[in-house]
Amino acid sequence: MMHTQPPGLYEAALPEDWPQPEALGFGQILGPYLVHAQHCAESGWHAPSVSARAALPVPMASAGLQYGFSVFEGLKAYRDASDRIHLFRPRDHARRLQHSAQRLVMPEPTEELFMTLCQLAVQVHARYVPPHGRGSLYLRPTLYAEEDALGFRPASRHRLAVAVTPCSDPVLRHNRLWAETELIRAAPGGIGAAKTGGNYAAGIAGQQRARQKGYDDVIWLDALTHRELAEAGTMNVFVQIGNEVLTPPLDGTILPGITRDSVLRLLRTEGVPVSEHRISLDELAAAGMAGQLGTAFGVGTAARLTMIDEISDGSTAIRFRDTGLATRLYDKLKQVQEGATHALREWRVAV
Ligand code: COI
């Protein structure tokens, strides 16, 4: 594989005032390089390159900036107890990026190109991967249209670039969520299942409205009835009713989260009955009245798992009970991701 190496940069030590992993947070500090490959309509994918991050501008007139022709992934690399670095489920992320690209009529990167860029992004940033158990390197592969032209049509030049950010191991938070009954995140036939900036842009006002009302985040409802759970902020949502755990089905409005899929697998492995099923606020309120409501939680790559203590739409407050399930899942997932167990080791790919 050919790539250009910025002179003398890879071996630089971390700055002396580098924060402890617990103080890194998420997305605050970006790695110094971008690993990237260009796609031209005439010639296909070009060889990967490594550049200093600041050296790769995005043309202002590109459809990536103008029309939101941009899809991305978020995946993590962890150190195991022997200090070896692994990516968590990178091939699943590659396939999801292909689906997102297809939906926005963008060139689909091959799984191998995605793997090569992610591996290289970790290699050139290896010293930024926090120690075992104390965090991860989050990778943000992004495919965007970069042709400098304003016409509304599929672009003839795109780039897949991987930025990285070292981050703390997420703490298990408890959130209260505001059920948004006016604004929507996604509608049937739309782009809700694609991981594209437009869905996050659609969600920011709802997040702010929830915060203004004193809640931690928004819970999105379906676009048609405004009564069924869709997503919890930027996470997939799970609720426990009686012995069963439910999560909304992938009906085209829900992001097919890799963490969602991991949690479904962990639950099934444990023998917990799970169902991908619509969940209405009314059903939750009735289950609460009957003493049947257990735990609720949101899951995603950045946060891993966040407990949901309450959902309110202003007239009804639905309160969940901590049955210990969410903590158990959080711990199991962390162990699998960090290679602290042999279970599901096929999800980890060595760098
Ligand atoms: C992730 O969890 O990976 C996401 O993409 C959500 C983002 C808002 C950090």
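The shell of residues around the ligand in this predicted model is made up of one nonpolar and four polar residues, with no charged residue among them. Its members are Gly74, Thr234, Gly300, Thr301 and Ala302. The shell thus draws on residues from separate parts of the numbering, with Gly74 at one end of the list and Ala302 at the other.

A second site of interest comes from the sequence record. In an unreviewed entry, UniProt lists Lys195 under "modified residue: N6-(pyridoxal phosphate)lysine". In the model, Lys195 sits in the loop that runs between β9 (174–180) and α4 (197–212). Despite this loop setting, Lys195 counts as buried, because 23 other C-beta atoms lie within 10 Å, and the cut-off for burial is 20 or more. Once neighbours within four places in sequence are set aside, the contacts of Lys195 are Val71, Phe72, Glu73, Arg96, Ser100 and Leu255.

Turning to the protein as a whole, the fold comprises seven helices and 18 strands. The C-alpha atoms occupy a box of roughly 65 × 50 × 35 Å along the principal axes. For a chain of 351 residues, a compact globule would be expected to have a radius of gyration near 20 Å, and the 21 Å found for the protein agrees with that expectation. Of these 351 residues, 44% are classed as buried. Contacts that span long stretches of sequence are well represented: among those between residues at least 6 apart, 72% join residues at least 24 apart.

Helix α3 (residues 111–124) offers a simple check on local geometry. At 1.5 Å a residue, its 14 residues should span 20 Å, and the end C-alpha atoms are indeed 20 Å apart, so the two values agree. The buried residues of α3 are Phe114, Leu117, Cys118, Gln119, Leu120, Ala121, Val122 and Val124.

One of these, Ala121, is also touched by Val164, a residue of strand β8 (residues 157–168). Val164 is itself buried, because it has 27 C-beta neighbours inside 10 Å, where 20 or more suffice. Besides Ala121, Val164 touches Gly31, His125, Tyr128, Leu137, Tyr138 and Leu139, leaving out residues up to four places away in sequence. Pro131 provides a point of reference for Val164: the two are 33 residues apart in sequence, and their C-alpha atoms lie 16 Å apart in space.

Notes. Residues numbered from 1 in each chain as written. Predicted model: local features only at pLDDT ≥ 70, side-chain atom pairs only at ≥ 80, totals over all residues. Near = placed C-beta within 6 Å. Nonpolar A, V, L, I, M, F, W, Y, C, P; charged D, E, K, R; others polar. UniProt positions renumbered as here; feature names shortened; annotations may be inferred. Helix = DSSP H or I, 4+ residues; strand = E, 2+ residues; numbered from the N terminus. Buried ≥ 20, exposed ≤ 12 C-beta atoms within 10 Å, placed from the backbone. Contact = placed C-beta atoms within 7 Å. Rg over C-alpha atoms; globule rule 2.2 N^0.38 Å. Expected span 1.5 Å × (residues − 1).
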